[in-house]
Amino acid sequence: MVMVDDIVAALKAQGYATIPDAISEQQVETARRELEEILEHTPAGRDDFEGRNTRRVYALFAKTRALDEMATHPVVLGVLDEILGHYQLSAPAAIAIGPGEVAQPLHPDDAIYPVPRPHQELVVNVMWPLEDFTEANGATRIVPGSHRWIDERPDAGTATTTVEMPARTALLYLGSVWHGGGANRTGHTRLGVVLHYASAWLRPVENHVLAVPPGMARDLPPRLQELLGYNIYPPFIGYVDGRHPRKLMTTTPAGS
Ligand SMILES: O=C(O)CCC(=O)C(=O)O
């Protein structure tokens, strides 16, 4: 698939890539409407990383079905197959950057794992903008090529690329690339959904099988079940009582 190859090549070259028109306007609208309802009851962040004027929705796949097709988007999964091989969702979150928010500190997402650089790619992220991302409203900033850094750290002189993009785009970036949310200098909230995927031999950042227990997961699309952890990393990392975890979904009552 040429599209997948092109994206993989761009990720390897600069650490990020975009897929234009990856989803429909209807998918964007539905996701935004459902998330806006959830955000009404979501508190602001607790520190400078989460953002004190930013609200984040966690446990997304327990709260809405509007993101299932984004999580299993065929081109995205084709890219992940190439770069990560076996993977799961790790830290999915909706991120609503409010007016007045300052820029998030730049960081590589795979630094959460204590593995010295350079290392094989462990994490790939997909940012789904649910409205147009602009320099003014807090579009994601990337340090191109920083996935090749070993001990370097960004400073005030580091060049960043602000990824301005219309809603319906998918922005993919490697977990090793330095990046961060931008400052929001507008009067409107910037809403996006970031879906982090990590190699399936790592512990995911969020504990999805507690957020989406077997009785809830049994009604989800099979590929999404796997991405939430109802799967094994061959030959058997992730078994339950010696069996494939998907067996739990046929033996657990619905809803529990
Ligand atoms: O909101 C963004 O554009 C990026 C957020 C981010 O990098 C993070 O929270 O790890």
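Author: A polar contact is a pair of N or O atoms within 3.5 Å. The model discussed here is predicted, so that local features need pLDDT of at least 70 and side-chain atom pairs pLDDT 80 or more, while totals for chains, interfaces and linings use all residues. Residues are numbered from 1 along each chain as its sequence is written, and side-chain values use heavy atoms, without hydrogens and water.

Reader: Why is the approach of Asp109 to the ligand called a polar contact?

Author: An N or O atom in the side chain of Asp109 is 3.4 Å from an oxygen atom of the ligand, and because the limit is 3.5 Å, the pair qualifies. The side chain of His179 places an N or O atom 2.9 Å from a ligand oxygen, and for a polar side-chain atom of Arg56 the distance is 3.0 Å. The ligand alone exposes 290 Å², of which the protein buries 97% (Shrake-Rupley areas, 1.4 Å probe).

Reader: Which residues are around the ligand, and what makes a residue near it?

Author: A residue is near if one of its heavy atoms lies within 4 Å, and the residues around the ligand are Phe49, Arg56, Ile95, Ile97, Gln104, His107, Asp109, Met127, Thr140, His179, Gly181 and Arg190. This shell divides into four nonpolar, five polar and three charged residues, with Asp, Glu, Lys and Arg counted as charged and Gly as polar.

Reader: Why is the pair of Arg168 and Asp21 called a salt bridge?

Author: The closest N and O atoms of Arg168 and Asp21 are 3.4 Å apart, and the pair therefore meets the requirement of a side-chain nitrogen of Lys or Arg within 4 Å of a carboxyl oxygen of Asp or Glu. The partners lie 147 residues apart, Arg168 in the loop between strand 7 (161–162) and strand 8 (170–174), and Asp21 in the loop between strand 1 (16–19) and helix 2 (25–39); helices (H or I, at least four residues) and strands (E, at least two) are DSSP runs numbered from the N terminus. The whole structure holds eight salt bridges.

Reader: What is the phi of Arg168?

Author: Although Arg168 is not a glycine, its phi is positive, at about 90°.

Reader: Where is the cis peptide bond of Pro118?

Author: The cis bond joins Arg117 and Pro118, with omega about -5°, and Pro118 is in the loop between strand 4 (93–97) and strand 5 (123–129).

Definitions and conventions. Polar contact = N/O pair within 3.5 Å; in protein donor to acceptor, adjacent residues only side chain to side chain.
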